Amino acid sequence: MPKYVPVIGLEIHAELKTKTKMFCSCANGYELKDKPNENICPICSGQPGALPTLNRQAVEWTILVGLALEAKINLQTKFDRKNYFYPDLPKGYQISQADLPLAYQGKLSIGDKDISITRVHLEEDTGKLLHSQAGSLIDLSRSSTPLIELVTDPCIESAQQAKEFCQRYQQILRYLEISDADMERGQMRCEANVSLQEEDKFTIAGAEVKPIAGYHLNPKVELKNINSFRAVEKAIEYEIKRQEKLLSQGSSISQETRGWDENNQVTFAQRTKETAADYRYFPEPDLPPLAISEQLIEQLQATLPELPQKKLNRFIRQYGFSEADAKILVSDKNLAAYTEQVISELIGWLVALPETEGTAEEIWQQEGAKLIKLISNWLINRLANHLNLAKIKVNECKITPENFAEFITLVYHHKVNNLAAQKILAEMFKTGDDPSDIMTAKDLGQLEDDNTIETIIDQIIAANPKVVDDYRAGKENALKFLIGQAMKNTQGKANPQTLNEIFKKKLT
Ligand code: ZN
Ligand code: MN
């Protein structure tokens with residue numbers, strides 16, 4: 001059997017969170033409504049004679065996405081009617097963009113691979129069908145929600161890459177604060193085109209896969225119903241295996257649309273597409289062509305925030321975070337901002353404390369690596385755990401960056417041991433209180449008085465002669481037992497490292 005390689009393209013729709021819908025003054029945000037059809041008017045419910053007015057914000061945000069993806073912007077653009085009949089489409093056509101999308105030829109890097117983007121355009125969402133035993137019902141509240149459609153070139157090579165692309169794109173939409181892009185809530189919807197082609201028998205020229213010499217391209221399958229990043233990966237993986245098997249059996253692949261069955265983790269045939277549907281696109285007569293000025297593009301360009309990829313590189317370079325940690329920290333813009341606030345507060349704390357000497361720069365040069373490790377550990381592992389359990393984001397958390405930085409200094413200066421630190425963080429998370437106050441109030445400070453520790457250790461040695469003999473006879477575990485006893489006697493406030501040292505000194 002010849003060697004086949006996957007050829008994958010993505011089509012991603014994302015809902016914009018503009019105040020109002022795309023062509024009327026109805027409020028946007030259908031999912032916030034309690035009842036169906038609460039949020040409609042003659043325009044978005046497609047009444048004859050109702051005229052659309054274009055939402056400027058939606059146009060600007062689409063351009064912004066284009067700029068974030070380093071795409072070209074069409075200065076002369078327009079809207080077109082995409083005609084098809086389906087009950088969730090009240091007008092019988094969708095207002096979309098055909099040959100002049102707002103943005104085209106962009107790219108998004110994943111690791112060291114550039115995924116090229118064919119186009120980014122603006123269109124309106126449809127209503128929602130609700131199927132029940134009694135029949136099907138239509139909710140038009142979602143109808144005419146502004147939707148950005150992004151199409152990639154078929155240059156994606158694996159299921160993993162496709163998933164990563166979707167995640168990166170979601171991050172960008174969230175950084176721009178123009179869409180919540182939550183896949184589980186249908187605010188971001190991914191479709192994938194998947195085909196297998198013989199290695200070295202085709203080239204990818206922009207949006208097109210072209211055969212070399214007499215090679216016949218295998219048809220592509222369109223995957224729908226994908227509701228999570230995990231499903232993006234699983235559905236494509238499954239589809240690659242399915243097509244591989246068919247080809248190895250000498251069977252042909254039919255060009256069709258397949259759905260992803262989340263329960264059974266398989267794709268299933270939905271409809272076969274012999275040829276592309278004829279949407280009879282024509283320019284929308286109720287909206288004038290749109291001219292985009294260079295000036296507007298410049299204005300929008302100036303509002304672009306630092307984007308995830310750039311921030312990631314900076315976090316590694318400037319602070320010395322590991323790539324894995326930096327990836328987690330920049331995955332959420334607020335978490336990244338929180339981290340930087342913590343670092344800046346932390347340096348302030350260290351300069352002010354008598355335990356550390358030197359200027360901010362000197363401290364950072366000497367201790368930066370250690371501090372960054374502490375921050376990574378307590379932010380990514382511990383705080384994130386609290387956030388996940390409480391199902392909130394870092395910006396909704398009661399711990400201020402200042403208090404978090406103070407907390408890190410307590411750990412850094414061994415004022416508290418690990419166990420006590422966890423208790424303090426849990427309390428801070430609950431109340432938002434100052435970590436030093438919690439430490440004092442709950443008596444969680446590390447026992448630092450060597451005399452007290454020695455007295456306790458002498459008592460334990462006297463009370464456990466057999467264990468002491470075991471240790472002296474070479475049983476290392478015996479020492480662990482003794483340290484455990486000492487931790488118990490000090491209510492966990494001693495430093496296990498110190499106990500270890502003193503026991504060893506006394507027992508040899
Ligand atoms: Zn409306
Ligand atoms: Mn579309």
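This report covers two metal sites, one helix pair and four loop residues of a predicted model.

**Metal sites**

The zinc ion (ligand 1) is bound by four cysteine sulfur atoms: the SG atoms of Cys 24, Cys 26, Cys 41 and Cys 44, at 2.3 to 2.4 Å from the ion. Angles among these four donor atoms run from 103 to 113°, and the site is tetrahedral. Along the chain, the zinc donors follow the pattern C-x1-C-x14-C-x2-C. Of these donors, Cys 41 and Cys 44 are both buried.

The manganese ion (ligand 2) has as its protein donors NE2 of His 13 and the OE atoms of Glu 123 and Glu 149, lying 2.0 to 2.2 Å from the ion. The sequence spacing of these donor residues is H-x109-E-x25-E. The two glutamates link distant parts of the chain: Glu 123 belongs to strand β7 (residues 113-124), Glu 149 belongs to strand β10 (residues 146-152), and 26 residues separate the pair. Glu 123 and Glu 149 are both buried.

**Helix pair**

Two packed helices are described by the angle between their axes and the distance between the axes. For helix α13 (residues 465-472) and helix α15 (residues 496-507), the axes come within 11 Å and cross at roughly 85°. Angles of 65 to 115 degrees count as roughly perpendicular, and α13 and α15 are therefore roughly perpendicular to each other. On the α13 side the contact is made by Val 468, Tyr 471 and Arg 472, and on the α15 side by Lys 504, Lys 506 and Leu 507. Sorted by class, the contact of α13 with α15 has three nonpolar residues, three charged residues and no polar ones.

**Loop residues**

The table lists four loop residues with their accessibility.

| Residue | Relative accessibility | Class |
|---|---|---|
| Ala 181 | 0% | Ala 181 is buried |
| Asp 200 | 64% | Asp 200 is exposed |
| Ala 494 | 0% | Ala 494 is buried |
| Phe 85 | 75% | Phe 85 is exposed |

Most residues other than glycine have a negative phi. Ala 181 is not a glycine, yet has a positive phi of about 50°. Ala 181 sits in the loop between α2 (159-175) and β11 (188-198). Because buried means under 20% relative accessible area, Ala 181 at 0% counts as buried.

Asp 200 also has a positive phi, near 65°, and is a residue other than glycine. The loop that holds Asp 200 runs between β11 and β12 (202-205). The cut-off for exposed is over 50%, so Asp 200 at 64% relative accessibility counts as exposed.

Ala 494 is located in the loop between α14 (476-489) and α15. With 0% relative accessibility, Ala 494 counts as buried. Apart from neighbours within four places in sequence, the contacts of Ala 494 are Asn 417, Gln 446, Leu 447, Met 487 and Leu 499. Ala 494 and Gly 111 are 383 residues apart along the chain, and their C-alpha atoms are separated by 45 Å.

Phe 85 lies in the loop between β4 (80-83) and β5 (93-96). At 75% relative accessibility, Phe 85 counts as exposed. The C-alpha atom of Phe 85 is separated by 9.7 Å from that of Tyr 279, a residue 194 residues apart from Phe 85 along the chain.

Terms used:
Residues are numbered from 1 along each chain as its sequence is written. Chains are lettered from A and ligands numbered from 1 in the order in which they are written. This is a predicted model: local features need pLDDT of at least 70, side-chain atom pairs count only at pLDDT 80 or more; totals for chains, interfaces and linings use all residues. Side-chain values use heavy atoms; hydrogens and water are left out. Donors are N, O and S atoms within 2.8 Å of the metal (3.2 Å for Na, K and Ca); water is not among the atoms, so sites may look incomplete. Four donors count as tetrahedral if all angles lie between 85 and 135 degrees; four count as square planar and six as octahedral if opposite donors are over 155 degrees apart and all others between 65 and 115; anything else is irregular. Buried means under 20% relative accessible area, exposed over 50%, partly exposed in between (1.4 Å probe, protein chains only). Helices (H or I, at least four residues) and strands (E, at least two) are DSSP runs, numbered from the N terminus. Axes are lines fitted to C-alpha atoms, for helices over the stretch in contact, and angles run from 0 to 180 degrees between N-to-C directions. Angles under 35 degrees count as roughly parallel, over 145 as roughly antiparallel, 65 to 115 as roughly perpendicular and the rest as oblique. Contact means heavy atoms within 4.5 Å. Ala, Val, Leu, Ile, Met, Phe, Trp, Tyr, Cys and Pro count as nonpolar, Asp, Glu, Lys and Arg as charged, and the others, Gly among them, as polar.
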